[in-house]
Amino acid sequence: MLTSVISKLIHSLCLENYPCGRGSWHKTSLRECEDLDDATSEEEDALLELLRSPLSPWKEEVSWSPQALALREVAVKTPEILKGNFICSFFTILHIVDKGVSKIDEGLLMFSCLEELVLSANNITELPSRNLPKTLRVLELYANQIKSLKSVNTHPPPRLQHLGLGNNCLGSPEDIQYFTADLWPQLRSLDLSWSGFTEQCALIEALFALPCLQSLVLEGNPLTLTPSYPGFVLDSLFRLLYMDGKRVTPEDRLRFSGLAKLKGPVCEEAEVIVCIQKMKGVPSPALPLDEFPVISHSYSVSYEFLNQPQFQENTDVGGTSTNIPQNLQHEEDESISHTPADPLRTSRKDQNKDSNNPVVMNSTLKQEWAEVIEFNYTTTHRISDLPALKNFFLRGLWLTVEEEKVLSWPAPPAANAGTKTSADKKGKESTDTAQKLKDKKKKKEPVLNLIQEAPVRRTLSTVHVELKDLLEGKDKIQMECDLGVLLSDQNVRTTVTREKEQSKKPKEDKKEDKKIKPSGDIISSQRNITSSKGKGKGRKESETDAPADESSPSNMEPLTVELSVTSSALAMYVRESEGRATGDDIRFEGVRVWHSVRQMTLP
């Protein structure tokens, strides 16, 4: 419970132990003597220094409340007043963060002067407003497990100005009905970030009834993926001064003017545009040694996306793309060698098993080999299941490069329809000879018919693409995906043969040493000859024997694919902070949102 955790923190202050409290170290009798006032003040200063010095062994952790250190100083100066409810009423700010609190109990009402309560990163499942002190002005519950607001059915603190409910399990239509002016008459700042709200129109209609709302955080909700966000919110809630932690300017109001009239699918659907432009780094196919079979290679790039084909629009240049359900996708056993090794295929399967949202593989048109393969592929996905799209962005997508090889053989000659008589043969001999002369003159080459075998497909490489930034304010992710260095069959064979030759050289040298054992004079003369030649030819031979190996993986160009994923939302509020949020950042996210607007909300 909450009060038990607070009691342990107060007990850790050691208010009755040295240097606090009453004891032989605290001489209250000296105060009765007017001549010893200076000595008493010096003694108190020494005790207070033990509380404040960072190197003091009596220094305790007091970051959970600004009043904690002040209370210890009171225990040094006037320990006799620490009676009854004085300690509980002394606190006005409490930060109980990541302490395993699961319930807000009635004991919290003893803190009659409490104004700010931060309970981030705990295990609280409900918000009983009857157990909250009426003096509260700030209540932060970021990163808990609150699943419903049904417990807020009685009158919450009437002076509450900030309510932080971000990163909880809220988002149902029943939760929206509790945002009323009767329950929150003075609420100025509301944090609903990273929740599950999808009905943008219903939520904004409820928030419009809050008369003092000036700061709103909706980042990370599925509704932020719609094209109408944040314009619809800003134009509807004209009293907002801060949106997702950024100041709303007059230019923003003018830009989104009139969007409050939008209703229907534009507020409830998301559009995601996927573009695949160029691919580089594919090794050139090995040339066949014989004339037949004729081998053709083609390449394509595929990626997975949510299975809602009825909302897809393919604008692939030169043709249409193919959508293959992932559960029906055939993975070939044959794979090409590449560096580094591909450990992502197993993790991809495990991750897809954990996901409840079905996905399909979308593929570009097949293109022939080139140093730079241009696909110019663009597809617009329209998604109505916003929670599924949010989970997909959190998981990311998998990008796969595939190769298709087709073998073609010449068609066998057609069999004669039947036997001809000798008379017919003689009658047509003259015509055949004339026809042969004409054919020689024209010198026409016969048309060769080829029969194709079944295509052989294999996966060259796979890479995982992070899409979480689309939920954090970015409207576009543009990157060059690095899939590693690929080794063609020819390069693999050459490297293997070189390794075999290098392993054979020392064995051959040992055999020659055993066969030829020259005398000492011959050996010395040979040493002189080799030493004289070492400056000239020897150096050239060493340089020619060790040429630069251009086929080694370190010198080869990696396989890269130009990919861009764009969310069609009217996002302009991009976070200024760089880097990803850590665990500590998540814990205090709601606290930072409140303190950024505290000067505005508090008189």
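This text walks through a predicted model, starting from one central strand and moving outward.

Begin at strand S17, residues 397-410. Of its 14 residues, 10 are buried, so the strand is largely enclosed by the rest of the structure. Its partners show how it is held in the fold. Strand S10, residues 294-306, runs antiparallel to S17, and 10 bridges join the two. Within that pairing, Ser 300 stands opposite Glu 402. Strand S19, residues 456-465, also pairs with S17 in the antiparallel sense, here over nine bridges. Trp 398 has His 464 of S19 as its bridge partner. A third strand, S18, covers residues 450-452 and runs antiparallel to S17, with three bridges between them. There, Trp 409 stands opposite Ile 451.

Strand S18 also leads to the surface. Leu 450 has its place in this strand. Its relative accessibility is 39%, so Leu 450 counts as partly exposed; the buried class stops under 20%, and the exposed class starts over 50%. Together with Val 294 and Leu 448, Leu 450 makes a nonpolar surface patch of about 240 Å².

Now step back along the chain to helix H11, residues 386-395. This helix is mostly covered, with seven of its 10 residues buried. The buried set is Leu 386, Ala 388, Leu 389, Lys 390, Phe 392, Phe 393 and Arg 395. The list includes the charged residues Lys 390 and Arg 395. As background, an α-helix has 3.6 residues a turn, so residues three or four places apart point the same way. Just after H11 comes Gly 396, which takes a positive phi of about 90 degrees. Strand S17 then begins at residue 397.

What does Arg 395 meet in a salt bridge? Its side chain pairs with that of Glu 304, with an N to O distance of 3.2 Å. The two come from distant parts of the chain: Glu 304 sits in strand S10 and Arg 395 in helix H11, 91 residues apart. Both ends are covered. Glu 304 has a relative accessible area of 0%, so it is buried. Arg 395 is at 10%, so it is buried as well. In general, side chains of opposite charge can pair when their charged atoms come close.

Strand S17 takes part in salt bridges too. Glu 403 forms one with Arg 458, and their closest N and O atoms are 2.5 Å apart. This pair links S17, which holds Glu 403, to S19, which holds Arg 458, across 55 residues of chain. Glu 403 is buried at 5% relative accessible area. Arg 458 counts as buried at 9%.

The neighbouring residue in number, Glu 404, has a salt bridge of its own. Its side chain meets that of Lys 366 at 4.0 Å, N to O. Lys 366 lies in the loop between strand S14 (359-363) and strand S15 (367-368), while Glu 404 lies in S17, 38 residues away along the chain. Are these residues buried or partly exposed? Lys 366 is partly exposed, with a relative accessible area of 45%. Glu 404, at 13%, counts as buried. The pair also belongs to a network of salt bridges that links Lys 366, Glu 404 and Arg 457. Across the whole structure, the search finds five salt bridges.

Charge also gathers at the surface. Glu 371, Glu 480, Asp 482 and Glu 557 form a negative surface patch. One of them, Glu 480, lies in strand S20, residues 476-482. Its relative accessibility is 45%, so Glu 480 counts as partly exposed.

The last stop is a sheet built from lower-numbered strands. Eight strands form an open sheet in the order S1-S2-S3-S4-S5-S6-S7-S8, and the pairing is mixed. Strand S1 (93-95) and strand S8 (246-247) stand at the edges. Each has a single partner strand, so one side of each is left without a neighbour in the sheet. Within the order, strand S5 (residues 189-191) and strand S6 (residues 215-217) run parallel and are joined by three bridges. Leu 190 stands opposite Leu 216 in S6.

Definitions and conventions. Residues are numbered from 1 along each chain as its sequence is written. This is a predicted model: local features need pLDDT of at least 70, side-chain atom pairs count only at pLDDT 80 or more; totals for chains, interfaces and linings use all residues. Side-chain values use heavy atoms; hydrogens and water are left out. Buried means under 20% relative accessible area, exposed over 50%, partly exposed in between (1.4 Å probe, protein chains only). Helices (H or I, at least four residues) and strands (E, at least two) are DSSP runs, numbered from the N terminus. Two strands pair if DSSP finds at least two bridges between them. Patches are made of residues with over 30% relative accessible area and no salt bridge: like charges are joined within 9 Å, nonpolar side chains (Val, Leu, Ile, Met, Phe, Trp, Tyr) within 5 Å. Accessible areas come from the Shrake-Rupley method with a 1.4 Å probe; for residues, only the protein chains shown count as cover. The place of a charge is taken as NZ of Lys, CZ of Arg, CG of Asp or CD of Glu.
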